[in-house]
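This briefing goes through selected surface and side-chain features of one protein model. Please look over the sequence and the structure before reading the points below.

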Amino acid sequence: MISDIARCILTLFILMQGFSPNDDDFEVKDYGPHIIYSLSAESLDEQEVDFNADVLFNALSNDLALYHRTSNAIRFQPYRCEGYPGVSRTSLYVSIYL
């Protein structure tokens, strides 16, 4: 159930940023005290997207802060936002942790 919530948060964030999530690439990694949830995505159009990873990370932080305002919210924290320019599309990798 927690993995489903993490997937929904990441999917919504990715869609709001104009990317298309790769649902088959959802990963859960257990690193002892923390569990990291990651999802990759690609740009929606066939052109390279110019973006700033720091701006995306701050947007993810802000979105999680809004989510935390709901009652009984699971306290996910932002972990990573990385972009990789490709030949015809830009790939995005977003992670949160618990």
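The points below cover charge pairs, a charged surface patch, a buried polar contact and one pair of residues far apart in sequence. The model is a predicted one. It holds 2 salt bridges, and a patch of negative charge lies on its surface.

**Salt bridges**

- The structure has 2 salt bridges.
- One of them joins the side chains of lysine 29 and glutamate 27, with an N to O distance of 3.6 Å.
- Lysine 29 has a relative accessibility of 37% and therefore counts as partly exposed.
- Its partner glutamate 27 has a relative accessible area of 31% and is also partly exposed.
- Arginine 80 and glutamate 82 form a salt bridge as well, and their closest N and O atoms are 3.7 Å apart.
- Arginine 80 is partly exposed, because its relative accessible area is 28%, a value that falls between the 20% limit for buried and the 50% limit for exposed.
- Glutamate 82, at 25% relative accessibility, counts as partly exposed too.

**Negative surface patch**

- Four residues, Asp23, Asp24, Asp25 and Glu42, gather on the surface in a patch of negative charge.
- Glutamate 42, one of these residues, belongs to strand 3, which runs over residues 35-43.
- The relative accessible area of glutamate 42 is 31%, so this residue is partly exposed.
- That 31% also passes the patch criterion, which asks for over 30% relative accessible area.

**A buried polar contact**

- Serine 95 sits in strand 5, made up of residues 90-97.
- Which label, buried or exposed, fits serine 95? Serine 95 counts as buried, because its relative accessibility is 0% and the cut-off for buried is under 20%.
- The side chain of serine 95 makes a polar contact of 2.6 Å with the side chain of serine 38.

**Helix 1 and a pair far apart in sequence**

- Isoleucine 5 is placed in helix 1, which spans residues 2-16.
- With a relative accessible area of 23%, isoleucine 5 is partly exposed; the label follows because buried requires a value under 20%.
- Isoleucine 5 and phenylalanine 76 are 71 residues apart along the chain, and their C-alpha atoms are separated by 9.8 Å.

Methods: Residues numbered from 1 in each chain as written. Predicted model: local features only at pLDDT ≥ 70, side-chain atom pairs only at ≥ 80, totals over all residues. Heavy atoms only, no water. Patch = residues over 30% accessible without salt bridge, like charges linked within 9 Å, V, L, I, M, F, W, Y side chains within 5 Å. Areas by Shrake-Rupley, 256 points an atom, 1.4 Å probe, with all protein chains shown as cover. Lys, Arg positive; Asp, Glu negative; His and termini not counted. Charge placed at Lys NZ, Arg CZ, Asp CG, Glu CD. Helix = DSSP H or I, 4+ residues; strand = E, 2+ residues; numbered from the N terminus. Buried < 20%, exposed > 50% of the residue type's maximum accessible area, 1.4 Å probe, protein only. Polar contact = N/O pair within 3.5 Å; in protein donor to acceptor, adjacent residues only side chain to side chain.
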